[in-house]
Amino acid sequence: MDHDRLVRVIRKLAIEAGERIMQIYNSDDFDIRTKSDDSPVTAADEAADALISAGLRTEFPDVMLVTEEQSDSHDTTGDTFLIVDPLDGTKEFINRRGDFTVNIALVENGTPTRGVVYAPARARMFLTLADGSAVEETGPFDADKPGGTIPLRVADADNDALMVVASKSHRDQATDDYIAKYAVRDTKSAGSSLKFCLVAAGEADLYPRVGRTMEWDTAAGHAVLAGAGGKVVRFDDHTPLTYGKDGYANPFFIAYAPGVHLKDA
């Protein structure tokens, strides 16, 4: 895989998908349907999926592609593939809360190694460079012309005063019970894969997820966090979270800066 080319392509596609999403987001109304798993889907999800899928299949025809909106048709598995959530945080989109992202990632040998997380309503873009390091690009975002970047690095965590980020739409008692095991300075809420990026940027130290996620929800944010020096492990045994699992479903997990002293589940 040519990582230089990959990063250029996924960045461009994320921005173009974000533009299409925002056209629908800013419209007076949009249709909302319910998928077979009872999750919502909108015209924005489908338009972004079509745009990104077409672009990736044109540029990388020999690489397996997994996307949320086409997941019912995925009948092959592997440990190296491109994986896409064209609109992560659909509930945030529907409620016009802004915390939704375009996620595109490359998984190699079961590990996300390159990715882009673009939050068009928040005007924030986090991505890995060709060498695997993570940056935040400063706007304005031009699909054909990369802007300036700020290197990302996880915080040097203070275990006596941790900053924790948790899900905005899926926070529950189990999450609160786990967070209570730590000495917490403050807790913030965020939607979609932005939670990984806040840890990568040093704006949070710990993101526990005690709830259902799929690999397309997490791969791009995982790649960005890893590029900033962070880690993502399973909630139950603290082994690395891997990809290419049957059905692309994740176990519960913890994303964190390595200085955090993890507590048992």
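These legends accompany close-up views of a predicted model.

**View 1. Tyr 25 and Phe 93 pair across the sequence.**
The structure holds 12 aromatic pairs. One of them joins Tyr 25 and Phe 93 in a tilted arrangement. The ring centres are 5.3 Å apart, and the planes meet at 45°. Tilted is the class for angles that are neither under 30 degrees nor over 60. Tyr 25 belongs to helix H1 (residues 3–25), while Phe 93 belongs to helix H3 (residues 90–94), so the contact ties together parts that are 68 residues apart in sequence. Both ends of the pair are covered. Tyr 25 counts as buried because its relative accessibility is 10%, and Phe 93 is buried at 0%.

**View 2. Phe 93 also pairs with Phe 100.**
Here the geometry is edge-to-face. The centres lie 5.3 Å apart, with 75° between the planes. Phe 93 and Phe 100 are both buried. A pair of aromatic rings is described by the distance of the centres and the angle of the planes.

**View 3. Arg 96 sits over the ring of Tyr 25.**
Arg 96 lies over the face of Tyr 25, at 6.0 Å from the ring centre. Its place in the chain is the loop between H3 and strand E5 (101–108). Arg 96 is not a glycine, yet its phi is positive, at about 50°. Most residues other than glycine have a negative phi. Arg 96 is partly exposed, with a relative accessible area of 38%. Its ring partner, Tyr 25, is buried at 10%.

**View 4. Lys 245 sits over the ring of Tyr 243.**
The distance from Lys 245 to the ring centre of Tyr 243 is 5.0 Å. The lysine lies over the face of the ring.

**View 5. Four aromatic residues form one cluster.**
The members are Tyr 178, Tyr 182, Phe 235 and Phe 252.

**View 6. Helices H1 and H2 pack side by side in opposite directions.**
Two packed helices are described by the angle between their axes and the distance between the axes. The axes of H1 and helix H2 (residues 43–59) come within 9 Å. They cross at roughly 160°. Angles over 145 degrees count as roughly antiparallel, so H1 and H2 are roughly antiparallel to each other. The crossing of H1 past H2 is right-handed.

**View 7. Helix H6 is mostly covered.**
H6 runs over residues 215–227. Of its 13 residues, 12 are buried. Among them are Trp 216, Asp 217, His 222 and Leu 225. Glu 215 and Gly 227 are also buried. The length of H6 fits its residue count: at 1.5 Å a residue the expected span is 18 Å, and the end C-alpha atoms are 18 Å apart, which agrees. Just after H6, Gly 229 takes a positive phi of about 95°.

**View 8. A cis peptide bond joins Gly 139 and Pro 140.**
Omega is about 0° at this bond. Most peptide bonds are trans. Pro 140 is located in the loop between strand E8 (134–137) and strand E9 (149–151). Gly 139 is found in the loop between E8 and E9. Gly 139 counts as partly exposed, at 47% relative accessibility. Its C-alpha atom is 31 Å from that of Phe 253, which is 114 residues away along the chain.

**View 9. Ser 192 has a positive phi in a loop.**
The phi of Ser 192 is about 55°, although the residue is not a glycine. Ser 192 lies in the loop between strand E11 (184–190) and helix H5 (194–200). Its relative accessibility is 11%, so it counts as buried.

**View 10. Thr 90 and Gly 191 are separated by 101 residues in sequence.**
In space, their C-alpha atoms are 9.5 Å apart. Thr 90 is in helix H3. Thr 90 is buried, with a relative accessible area of 10%.

**View 11. Leu 87 is a buried residue of strand E4.**
E4 covers residues 81–88. The relative accessibility of Leu 87 is 0%. Leu 87 and Tyr 118 are 31 residues apart along the chain, and their C-alpha atoms are separated by 9.7 Å.

Technical notes:
Residues numbered from 1 in each chain as written. Predicted model: local features only at pLDDT ≥ 70, side-chain atom pairs only at ≥ 80, totals over all residues. Heavy atoms only, no water. Phe/Tyr/Trp six-rings, centres within 6.5 Å; stacked < 30°, edge-to-face > 60°. Helix = DSSP H or I, 4+ residues; strand = E, 2+ residues; numbered from the N terminus. Buried < 20%, exposed > 50% of the residue type's maximum accessible area, 1.4 Å probe, protein only. Lys NZ or Arg CZ within 6 Å of the ring centre and 35° of its normal. Expected span 1.5 Å × (residues − 1). Axes fitted to C-alpha atoms, helices over the stretch in contact; angles between N-to-C directions. Parallel < 35°, antiparallel > 145°, perpendicular 65-115°, else oblique. Left-handed = near helix turned anticlockwise from the far one by under 90°.
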